[in-house]
Amino acid sequence: MSDRAVRLTKLQLPPYDNNCFIIRCPDTDESLIVDAPSSPDQIAAATVGSKVRYIFVTHRHNDHWGALADLRRLTKAEVAYHPDDEEGIPVPPDL
């Protein structure tokens with residue numbers, strides 16, 4: 001793997017070992033987070049050295065967004081999810 005390859009970090013977070021993915025661009029050092037089930041400090045620590053631009057939520061079940069509000073506050077990232085999921089997620093989307 002080249003040093004210039006996109007970096008993918010997978011975290012399995014409690015209480016259900018839900019996945020959180022961090023995708024980081026080596027050219028810009030920008031990243032995005034896919035799902036924020038829990039442990040916002042652990043997720044934020046995994047992004048150190050990058051600028052988190054977006055947090056994507058895959059669907060409205062709370063085990064995929066439980067840390068969303070705290071993570072948004074920590075990273076100042078824009079939140080994105082499908083409009084059909086808005087009723088189930090307490091953080092309004094930017095995208």
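**Group meeting talk: a sheet, two helices and their contacts**

Let's start with a helix. Helix H2, residues 68-75, lies across S3, S4 and S5. Its direction is about 155° to S4. One caution before I go on: this is a predicted model.

Now the sheet under discussion. It is open and has 5 strands. The order is S1-S2-S3-S4-S5, and the pairing is mixed. Which strands are at the edges? They are strand S1, residues 7-13, and strand S5, residues 78-80. Each of those two pairs on one side only. From one strand to the next, the twist averages 20°.

Look at one pair inside that sheet. Strand S3 covers residues 30-34, and strand S4 covers residues 51-56. They run parallel, joined by 5 bridges. Ile33 stands opposite Ile55 in S4.

Keep Ile33 in mind, and let's go to the core. The largest nonpolar core has 20 residues. Which of them have the most contacts inside it? Ile33, Ile43, Leu68 and Leu71. Who supplies the core? S1, strand S2 (18-24), H1, S4 and H2 each give at least two residues.

Take Leu71 from that list. Leave aside its neighbours within four places in sequence. Leu71 is then in contact with Ile33, Ala36, Pro40, Ile43, Ala44, Ile55 and Lys76. So both members of that facing pair, Ile33 and Ile55, turn up here.

Next, Gln42. Gln42 sits in helix H1, residues 40-46. Buried or exposed? Neither: Gln42 counts as partly exposed, because its relative accessibility is 41%. Not counting residues up to four places away in sequence, Gln42 touches Leu11 and Leu13. Now compare positions with Leu71. Gln42 and Leu71 are 29 residues apart along the chain. Their C-alpha atoms are separated by 9.9 Å.

On to charges. How many salt bridges does the structure hold? There are 6. I'll show three.

The pair Arg4 and Asp27 comes up first in my talk. Their side chains meet at 3.1 Å, N to O. Arg4 lies in the segment before S1, and Asp27 in the loop between S2 and S3, so this pair ties together parts that are 23 residues apart in sequence. Arg4 is partly exposed, at 48% relative accessibility. Asp27 is exposed, at 60%.

Then Arg24 and Asp29. Their closest N and O atoms are 3.2 Å apart, and they form a salt bridge. Asp29 is partly exposed, at 33%.

Then we return to H2. The side chains of Asp70 and Arg73 form a salt bridge, 3.6 Å from N to O. Both residues lie in helix H2, 3 residues apart, about one turn of the helix. Asp70 is partly exposed, with a relative accessible area of 36%.

Last topic: cysteines. How many disulfides does the structure hold? The count is 0. Cys20 is in no disulfide, and its nearest cysteine sulfur is that of Cys25, 18 Å away. Why no bond for Cys25? Because 18 Å to the closest cysteine sulfur, in Cys20, is too far. A disulfide needs the two sulfur atoms within 2.5 Å. Cys20 is buried, with a relative accessible area of 0%. Cys25 is partly exposed, at 27%.

To close, back to where we began. Helix H2 lies across three strands, S3, S4 and S5. H2 supplies at least two residues of the core, and H2 holds the Asp70 and Arg73 pair. That's my talk.

Methods:
Residues are numbered from 1 along each chain as its sequence is written. This is a predicted model: local features need pLDDT of at least 70, side-chain atom pairs count only at pLDDT 80 or more; totals for chains, interfaces and linings use all residues. Side-chain values use heavy atoms; hydrogens and water are left out. Helices (H or I, at least four residues) and strands (E, at least two) are DSSP runs, numbered from the N terminus. Buried means under 20% relative accessible area, exposed over 50%, partly exposed in between (1.4 Å probe, protein chains only). Contact means heavy atoms within 4.5 Å. Two strands pair if DSSP finds at least two bridges between them. Axes are lines fitted to C-alpha atoms, for helices over the stretch in contact, and angles run from 0 to 180 degrees between N-to-C directions. A nonpolar core is a set of buried Ala, Val, Leu, Ile, Met, Phe, Trp, Tyr and Cys residues joined through side-chain atoms within 4.5 Å. A salt bridge is a side-chain nitrogen of Lys or Arg within 4 Å of a carboxyl oxygen of Asp or Glu.
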